[in-house]
Amino acid sequence: MKTLFLIFNFILLSTFLHSATINIPADYATIQAGIDASTNADTVLVQPGTYVENINYNGKLITLGSLYVTTQDTAYISSTIIDGNAGGRVVTFENGEDSTTVLCGFTITNGLADDGGGVYCCNGTNPKLESLRIIGNTANSYGGGIYCSNVCNPSLKNITISGNIADYGGGISCASSSPNLKNVEITGNNASYYGGAINCE
């Protein structure tokens with residue numbers, strides 16, 4: 001029993017010692033470059049500003065956050081912006097990201113995609129989305145703000161989803177998925193057909 005306890009503590013200590021904080025833009029000019037350079041359990045910490053990018057976690061089990069993560073100052077949520085530039089969805093989770101994967105403290109805006117203009121979750125991913133403003137994104141089909149499909153169960157906490165547009169699910173669209181919502185405000189979104197706020201299939 002003592003041996004198992006020592007092994008467990010060694011694993012925890014190794015994980016802690018090998019995790020790192022990558023600072024954007026000090027270490028890398030773009031958020032995606034920071035994600036690409038990270039390893040599991042790292043934190044990619046982003047300074048205030050507007051980052052015109054379409055990012056993909058690519059299976060990294062990391063925390064991506066603004067300075068809200070370290071300060072709890074909500075002003076950083078509105079001042080740290082990931083802008084999709086109408087060139088694709090803003091944030092993508094599609095490679096097995098689990099509940100140790102975190103997106104926290106950003107404004108996600110100006111995404112444009114067929115599905116999931118703001119945030120796209122598919123293929124069994126379960127990230128934590130916390131303290132976000134998901135505003136002004138567009139999907140040509142499903143999920144202007146957030147799209148979840150194929151057994152995805154993300155956790156959504158302290159999020160505003162507003163001003164997003166889609167054919168189905170202006171705010172959120174779900175297909176064979178069960179997102180968990182806590183303190184989520186969904187307001188002023190629009191759907192051409194069904195689910196101005198939420199569409200579930």
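**Figure 1. Charged side chains across the protein.** This predicted model carries 7 positive and 15 negative side chains. The centres of the two sets lie 13 Å apart. The accessible surface comes to about 9100 Å². Carbon and sulfur atoms account for 53% of that surface.

**Figure 2. The overall fold.** The protein has four helices and 20 strands. Its radius of gyration is 17 Å, close to the 17 Å that the globule rule gives for 201 residues, so the protein is as compact as a globular protein of that length. The C-alpha trace spans about 60 × 40 × 25 Å along its principal axes. Of the 201 residues, 44% are buried. Take the contacts with a separation of 6 or more: 74% of them join residues 24 or more positions apart.

**Figure 3. Thr80 and its surroundings.** Thr80 sits in strand S6, which covers residues 80–83. Is Thr80 buried or exposed? Thr80 counts as buried because its relative accessibility is 0%, and the cut-off for buried is under 20%. A polar atom of the Thr80 side chain lies 2.8 Å from the backbone oxygen of Tyr76. Beyond four places in sequence, Thr80 touches Val46, Gln47, Pro48, Gly49 and Tyr51, among others. Its contacts also include Ser66, Gly105, Phe106 and Thr107.

**Figure 4. Val46 in strand S2.** Val46 belongs to strand S2, which runs over residues 43–46. Val46 is buried, with a relative accessible area of 0%. Which residues does Val46 contact, leaving aside neighbours within four places in sequence? Among them are Ile24, Ile31, Tyr51 and Leu64. Gly65, Ser66 and Leu67 are also in contact with Val46, as are Thr80 and Phe106. The contact with Thr80 links this view to Figure 3. Val46 and Pro25 are 21 residues apart along the chain. Their C-alpha atoms are separated by 7.0 Å.

**Figure 5. The cis peptide bond before Pro25.** Most peptide bonds are trans. The bond from Ile24 to Pro25 is cis, with omega near 10 degrees. Pro25 lies in the loop between strand S1 (21–24) and helix H2 (31–37). Ile24, on the other side of this bond, is one of the contacts of Val46.

**Figure 6. Two residues with positive phi.** Most residues other than glycine have a negative phi. Ala41 has a positive phi of about 85 degrees, although it is not a glycine. Ala41 is found in the loop between H2 and strand S2. Ala41 counts as partly exposed because its relative accessibility is 40%, and partly exposed runs between the 20% and 50% cut-offs. Ser176 is not a glycine either, and has a positive phi of about 55 degrees. Where does Ser176 lie? Ser176 is in the loop between strand S17 (172–175) and strand S18 (180–187). At 54% relative accessibility, Ser176 counts as exposed, since the cut-off for exposed is over 50%.

**Figure 7. Val91 in strand S7.** Val91 is placed in strand S7, residues 91–93. Val91 counts as buried, at 0% relative accessibility. Not counting residues up to four places away in sequence, Val91 touches Ile55, Tyr57, Leu103 and Ile108, among others. Gly118, Val119 and Tyr120 are also touched by Val91. How many residues separate Val91 from Thr39 along the chain? The two are 52 residues apart. The C-alpha atoms of Val91 and Thr39 are separated by 18 Å.

Terms used
Residues numbered from 1 in each chain as written. Predicted model: local features only at pLDDT ≥ 70, side-chain atom pairs only at ≥ 80, totals over all residues. Heavy atoms only, no water. Rg over C-alpha atoms; globule rule 2.2 N^0.38 Å. Buried < 20%, exposed > 50% of the residue type's maximum accessible area, 1.4 Å probe, protein only. Contact = heavy atoms within 4.5 Å. Areas by Shrake-Rupley, 256 points an atom, 1.4 Å probe, with all protein chains shown as cover. Lys, Arg positive; Asp, Glu negative; His and termini not counted. Charge placed at Lys NZ, Arg CZ, Asp CG, Glu CD. Polar contact = N/O pair within 3.5 Å; in protein donor to acceptor, adjacent residues only side chain to side chain.
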